[in-house]
Amino acid sequence: MDILKGHKSKIFAAVFIAIIGVGFGVIPYFSVAAIINNLVAKNANLNNYYPYIFAVFVGFLASILFHEISTIISHNLAYRIIEDKRKLLADKLSKISMGEVERKSSGQWSQFMVETLDKMEKPIAHVIPEVIANIFIPIVLIITIFIMDWRIGIANLLTIPLGLLFSMLMMRGYEEKSKRYQEAAKAMNTTMVEYVNGIKVIKAFNKSASSFGKFRKTVEENKNAMLDWYLSVCFSMTATMETIPSTMVFVLPASLYFFMKGSVEVGTLITCILLSYASYKPLIKAMSHMETIANIKVVFEEIKKIMEIPNLKRGEEVRDIKSYDVEFKDVTFAYEESKNVLNNISFKANENELTAIVGNSGSGKSTITKLIAGFWNVSNGEILIGKTNLNELPLKQNMELVSYVSQENFLFNKTILENLKMAKEDASMDEIKEACEKASCYNFIKGLPNGYETIVGKGGANLSGGEKQRIAIARCFLKNSPIVLLDEATAYSDPDNESVIQQSIDKLIKDKTVIMVAHRLSTIVNANKIIVVDNGEIVEEGSHKQLLELNGRYKKMWDAYTESKEIEVI
Ligand SMILES: Nc1ncnc2c1ncn2[C@@H]1O[C@H](COP(=O)(O)OP(=O)(O)OP(=O)(O)O)[C@@H](O)[C@H]1O
Ligand SMILES: [Mg+2]
């Protein structure tokens with residue numbers, strides 16, 4: 001199996017040591033049988049018994065010891081496998097397109113990578129030693145009975161067909177029922193996430209009763225599905241579990257009968273009964289691990305599926321980039337096939353200039369910035385940085401060249417300082433201070449009781465939208481990459497801050513290519529170039545003055561904007 005790659009020596013060690021443990025584990029049975037045989041033979045010399053008693057202890061202790069060692073190795077193995085898989089998945093996420101990442105919500109990703117993988121620890125760690133012990137010991141015992149007396153050996157197997165019959169009963173409609181149960185669990189999970197995520201909206205619109213009703217229904221269905229499933233299998237499950245180990249029912253009368261007939265010695269009789277008694281319980285225990293193995297398989301199938309997602313196709317070699325103009329040449333892009341979000345877009349954002357993108361909501365502005373940031377590959381056409389096609393750059397170089405402040409700024413639930421240092425790990429405090437001052441967030445950070453050490457909360461929840469945005473801009477200053485993408489960077493800022501950020505952005509432009517998406521048109525009147533996007537197409541392009549003179553789409557937007565500003569002032 002692919003999942004065990006690179007761990008073969010550990011697996012081998014765990015299996016080998018578990019088998020040694022099993023070897024020791026069967027010694028006590030034979031020793032006890034030998035003691036009973038001696039007793040039956042009326043052997044009264046105590047010295048004859050000591051080696052057997054010693055063997056019982058040694059066998060017992062050594063089997064525990066080896067079982068423990070095997071378990072320790074397999075725990076170690078389990079933690080390593082999980083660590084490996086987590087690293088592999090995290091690395092994979094950075095290599096596939098955002099579209100693939102977004103197929104699962106962030107909650108689903110983290111649930112899979114944290115909780116689901118965590119649940120794998122116990123099964124992986126316990127399956128090897130326990131399955132081996134619980135299968136091998138019974139097999140050795142069953143074979144021994146056969147060797148001693150094949151007729152008792154057969155009697156010892158007679159409960160198996162009966163047990164199988166019950167287990168067939170148990171499996172009747174199993175798939176259907178387990179499907180219903182799984183679907184109910186999935187539905188409950190989805191409504192639960194929806195309910196918790198949407199709790200703000202639910203409260204704001206007073207929808208708690210109906211939303212809660214939906215949630216309650218799925219919880220009830222989950223209970224019903226589980227209960228139905230349990231009630232339908234409980235009889236046959238108990239019957240299977242109890243029938244198979246009840247070997248005494250056949251072994252006892254059979255061996256007594258052969259004993260009476262004189263074809264079995266009393267020693268064989270007692271040994272067989274003893275071994276038969278010990279032989280089946282462990283098998284049942286091993287059977288209970290089968291479900292665990294099936295669960296491990298499901299999770300590893302899922303991992304395999306993720307690993308098979310094709311990587312975003314990018315060049316391998318770092319390119320020498322001489323200039324940092326960003327040029328779109330006939331770029332067409334669709335998130336989902338057949339629905340183009342960008343159509344034949346062509347424009348050039350020059351180095352040392354501010355290029356602004358404006359347009360209605362949903363027109364494709366953010367999409368343009370995300371393509372430059374390397375989240376997706378274009379469907380048709382090309383994006384050039386300098387003279388190099390973006391697709392030829394390794395993703396890592398792409399990320400180094402571009403700083404991206406998105407509409408939804410995400411901060412990690414760490415301190416402000418740690419969030420800032422994500423842009424430059426070895427940044428000095430002076431550098432950090434300078435970046436914060438430029439992004440006009442220095443004062444607000446200083447004003448916090450814990451300053452830079454303030455924990456920002458999950459996703460930055462303890463900060464306001466504007467504060468998060470300014471920290472994201474400070475990150476941009478720290479990263480100091482030649483291309484800067486700002487998606488609605490001033491959207492949350494108050495007018496005072498807006499002008500400060502405006503000055504910061506002016507500073508940024510000096511030796512950078514800045515592309516800025518803006519709703520507040522006042523922030524881009526000085527842009528070197530304004531691109532007006534509508535429905536995935538560029539409809540106008542020019543400076544603020546040129547576009548006003550054109551008296552077209554931009555002029556309309558500007559008029560509407562200034563009107564709304566006046567209303568704001570009133
Ligand atoms: N991940 C995605 N998967 C599928 N469709 C998407 C995705 N992201 C955006 N879209 C769609 O692409 C179109 C353009 O979206 P985009 O975010 O670029 O618009 P925008 O101009 O930035 O809008 P806004 O001003 O509201 O931020 C929209 O119709 C949107 O629904
Ligand atoms: Mg947008």
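1. **Domain layout.** In this predicted model, the centres of domain 1 and domain 3, taken over C-alpha atoms, sit 60 Å apart. The domain assignment of the protein chain gives domain 1 as 2–158 + 247–307, domain 2 as 172–244 and domain 3 as 326–569. Those bounds come from an automatic or database domain assignment.

2. **Ground rules.** Residues are numbered from 1 along each chain as its sequence is written, chains are lettered from A and ligands numbered from 1 in the order in which they are written. As for what counts, local features need pLDDT of at least 70, side-chain atom pairs need pLDDT 80 or more, totals for chains, interfaces and linings use all residues, and side-chain values use heavy atoms, with hydrogens and water left out.

3. **The largest nonpolar core.** This core holds 45 residues, and Leu-420, Cys-436, Tyr-452, Ile-524, Ile-530 and Tyr-554 touch the most other members. Helix α19 (residues 465–479) gives the most to this core, seven residues in total. A nonpolar core here is a set of buried Ala, Val, Leu, Ile, Met, Phe, Trp, Tyr and Cys residues joined through side-chain atoms within 4.5 Å. Buried stands for under 20% relative accessible area, exposed for over 50%, and partly exposed for anything in between (1.4 Å probe, protein chains only). Helices (H or I, at least four residues) and strands (E, at least two) are DSSP runs, numbered from the N terminus.

4. **A second core.** Apart from the largest nonpolar core lies another one, of 44 residues, including Ile-11, Val-22, Ile-152 and Ile-303.

5. **Tyr-452 up close.** Leave out residues up to four places away in sequence, and Tyr-452 still touches Thr-415, Ile-416, Leu-417, Leu-420, Met-429, Ile-432, Lys-433, Cys-436, Tyr-442, Ile-445 and Lys-446. Contact means heavy atoms within 4.5 Å. Two names on that list, Leu-420 and Cys-436, also appear among the core residues that touch the most other members.

6. **Around ligand 1.** There are 14 residues around ligand 1, and Ser-361, Gly-362, Lys-365, Ser-366 and Thr-367 come nearest; a residue is near a molecule or strand if one of its heavy atoms lies within 4 Å of it. Both β1 (326–336) and α14 (365–372) supply at least two residues of this shell, with α14 giving the most, three residues.

7. **Polar contacts to ligand 1.** Look for an oxygen atom of ligand 1 at 2.5 Å from a polar side-chain atom of Ser-361. A backbone N or O atom of Gly-362 is 2.8 Å from a ligand 1 oxygen atom, and an N or O atom in the side chain of Lys-365 is 2.7 Å from an oxygen atom of ligand 1. On its own, ligand 1 exposes 640 Å², and the protein buries 70% of that. Those areas come from the Shrake-Rupley method with a 1.4 Å probe; for residues, only the protein chains shown count as cover. A polar contact is a pair of N or O atoms within 3.5 Å; within protein, one must be able to donate a hydrogen and the other to accept it, and residues adjacent in sequence count only if both atoms are side-chain atoms.

8. **Helices α8 and α10.** Asn-222 lies in helix α10 (residues 208–243) and counts as buried because its relative accessible area is 9%. Beyond its neighbours within four places in sequence, Asn-222 is in contact with Tyr-181, Ala-184, Ala-185 and Met-188. Over in helix α8 (residues 174–197) you'll find Gln-182, which is exposed at 53% relative accessible area. Ala-187 is in helix α8 too and is partly exposed, at 34%. The C-alpha atoms of Ala-187 and Glu-221 are 9.1 Å apart, with their positions 34 residues apart along the chain.

9. **Helix α2.** Thr-71 is in helix α2 and is buried, with a relative accessible area of 9%. Not counting neighbours within four places in sequence, Thr-71 is in contact with Ala-125, His-126 and Pro-129. Ser-94 is also found in helix α2 (residues 50–95) and is partly exposed, at 37%.

10. **Two backbone oddities to check.** Asn-352 has a positive phi of about 60° although it is not a glycine. Asn-352 sits in the loop between β2 (339–349) and β3 (354–359) and is partly exposed, at 42% relative accessible area. Asn-480, another residue other than glycine, has a positive phi near 55°; its place is in the loop between α19 and β7 (483–487).
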